[in-house]
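Here are my notes on this one, jotted down while going through the model. Have it open alongside as you read.

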Amino acid sequence: MYLEEIHIVNFRKHRDLTYVPSKGVNLLYGPNGSGKTNILEAIHYCSLAKGMNRSLDRECLRFDADYFLLRSRYIDATGRETEVKVSYEKSREKKIVVNNEELKKFSGIIGKIPCVTFTPYDLGVVNGAPQERRRFIDTALSQSYRTYLDTILQYRRVLQQRNALLARHDHDRQIATDLEIWTEKLASYGASIIQERLSFLDRLEKVIKPLYQELGLEEIPGFRYHHTSGRISGEMNKKDIEACILERFEAVAAQEFMRQQTMIGPHRDDMVFTINGIDARKYASQGQTRTFLIALKLALQRMIRDIIGESPVFLLDDLFSELDEYRVDRILSILEGSAQAIITTTEKRSFSTAECMNIEEIV
Ligand SMILES: Nc1ncnc2c1ncn2[C@@H]1O[C@H](COP(=O)(O)OP(=O)(O)OP(=O)(O)O)[C@@H](O)[C@H]1O
Ligand SMILES: [Mg+2]
């Protein structure tokens, strides 16, 4: 999949701009504050209905403007065109229209235009709080499998219901029965999520290891899944995982009533990213964190491509800071030929394999 063109109106800094990247590796350069990240954010909106930094729609609205509009056109591997329009009016819900059809839910866009990012915000995936890693794997899986997205949305709904019941003070027999029903549902959805995550991480590990070598690194990256729902392993089937979760629910019942919330399950799990078997979150240097993240995102791009048969558009914000020339060369040669990549940078650089564009020529 590649972005053929994006038209940006009243989005962030940009009043009216059309950006036409090439199919391959693109460098977009310009000084600080010139609106490079804004363009990546606009492209990200067309894939995932939101910005990269979880900013609010109204924050993306150009100061003093009443609406923003993004119109982009993508071409997939079979040559078919997809047009995505995202529009937002002050104090209204945004609207997403794909090929002239308005989406009923924003989540409907996910997976249609797969996209992988590498931005300074993403560093939290390696060294931030567990929820950053959960968000990472959930977005990755949702872009790869529609059913995963449906399951995670169901899980969140059930979780909300169950938490509401736990928070009630008038516990009677009816509530106990209801709670049992929600617990079983949650265990069922939870088991599917855990199973998918484990198998995804297993595959991702097989892809990231050789990538480390391609990047000229001698370290060995890895993943470990940290369960809150008991002794679950990748070899277990869904029924066994479900049984494990239910058993844990019994063990934490008193604690859940006291805290009035669901204490175990995939919404509480974490992943440990390791370098040579050591927890990267706790021990990796800044450079190691950055290279882990870039390898992770390159691996993710390959994996999504293998699963859905479409290469995600790769958005790399400020790629070159803190990376040495050698590593930059390796990354570019990996990106080259793999798919479309849009890289922002403050300095003009010439690479034979990349199309170079000054942002000041398009604003
Ligand atoms: N809603 C908005 N309306 C108007 N301008 C905005 C809005 N949001 C952000 N900006 C402006 O956009 C600019 C930032 O643009 P952006 O982050 O894309 O720059 P950049 O080229 O990526 O810079 P850097 O090289 O420092 O990363 C800031 O000057 C900011 O004031
Ligand atoms: Mg920027």
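The points below go through the domains, the core, the helix packing and a few single residues.

1. First, a reminder that this is a predicted model. The domain assignment splits the protein into domain 1 (1-114 + 310-363) and domain 2 (130-285). Domain 1 is thus given in two stretches of sequence. Taken over C-alpha atoms, the centres of the two domains are 31 Å apart. Where they touch, domain 1 puts in eight residues and domain 2 also puts in eight residues.

2. Now the core. The largest nonpolar core counts 84 residues, and Ile43, Leu70 and Phe292 have the most contacts inside it. Both domain 1 (1-114 + 310-363) and domain 2 (130-285) contribute residues, so this core lies between them. As background, nonpolar side chains in soluble globular proteins tend to be buried together.

3. What does isoleucine 43 touch, leaving aside its neighbours within four places in sequence? The list is Leu3, Ile6, Ser72, Val313, Leu315 and Ile342. It's worth clicking through these, given that Ile43 is among the residues with the most contacts inside the core.

4. On to helix H6 (residues 173-214), starting with its packing against helix H5 (residues 146-166): the angle is about 150° and the axes are 9 Å apart. An angle over 145 degrees counts as roughly antiparallel, and H5 and H6 therefore fall into that class. The crossing of H5 past H6 is left-handed. On the H5 side the contact includes Tyr148, Ile152, Tyr155, Val158, Leu159 and Leu165, and on the H6 side it includes Ile175, Leu179, Trp182, Leu186, Tyr189 and Ile193. There are polar and charged names in there too, among them Gln154 and Arg162 of H5 and Asp178 and Lys185 of H6.

5. How do H6 and helix H10 (residues 286-308) cross? Their axes come within 9 Å, at roughly 120°, which makes H6 oblique to H10. This crossing is right-handed. H6 brings Arg203, Leu204, Val207, Ile208, Leu211 and Tyr212 to the contact, while H10 brings Ala295, Leu296, Leu298, Ala299, Leu300, Arg302 and Met303.

6. H6 has another partner in helix H4 (residues 130-144): the axes come within 11 Å and cross at roughly 90°. H4 and H6 are therefore roughly perpendicular. Ile137, Ala140 and Leu141 of H4 meet Glu196, Arg197 and Phe200 of H6. Note that Glu196 also turns up in the contact with H5.

7. Take a look at arginine 330, which sits in helix H11 (residues 325-335). Its C-alpha atom is 5.5 Å from that of leucine 215, although the two are 115 residues apart along the chain. Leaving aside neighbours within four places in sequence, arginine 330 is in contact with Glu214, Leu215 and Gly216. Arginine 330 has 19 other C-beta atoms within 10 Å, so it is partly exposed; the cut-off for buried is 20 or more.

8. Last, two backbone oddities to check. Most residues other than glycine have a negative phi. Alanine 49, however, has a positive phi of about 65°. Alanine 49 is in the loop between helix H1 (36-48) and helix H2 (57-60), and is partly exposed, with 19 other C-beta atoms within 10 Å. Aspartate 318 also has a positive phi, near 60°. Aspartate 318 belongs to the loop between strand E12 (313-316) and H11, and counts as partly exposed with 16 C-beta neighbours inside 10 Å.

Terms used. Residues numbered from 1 in each chain as written. Chains lettered and ligands numbered in written order. Predicted model: local features only at pLDDT ≥ 70, side-chain atom pairs only at ≥ 80, totals over all residues. Core = buried A, V, L, I, M, F, W, Y, C linked by C-beta atoms within 7 Å. Buried ≥ 20, exposed ≤ 12 C-beta atoms within 10 Å, placed from the backbone. Domains from an automatic or database assignment. Contact = placed C-beta atoms within 7 Å. Axes fitted to C-alpha atoms, helices over the stretch in contact; angles between N-to-C directions. Helix = DSSP H or I, 4+ residues; strand = E, 2+ residues; numbered from the N terminus. Parallel < 35°, antiparallel > 145°, perpendicular 65-115°, else oblique. Left-handed = near helix turned anticlockwise from the far one by under 90°.
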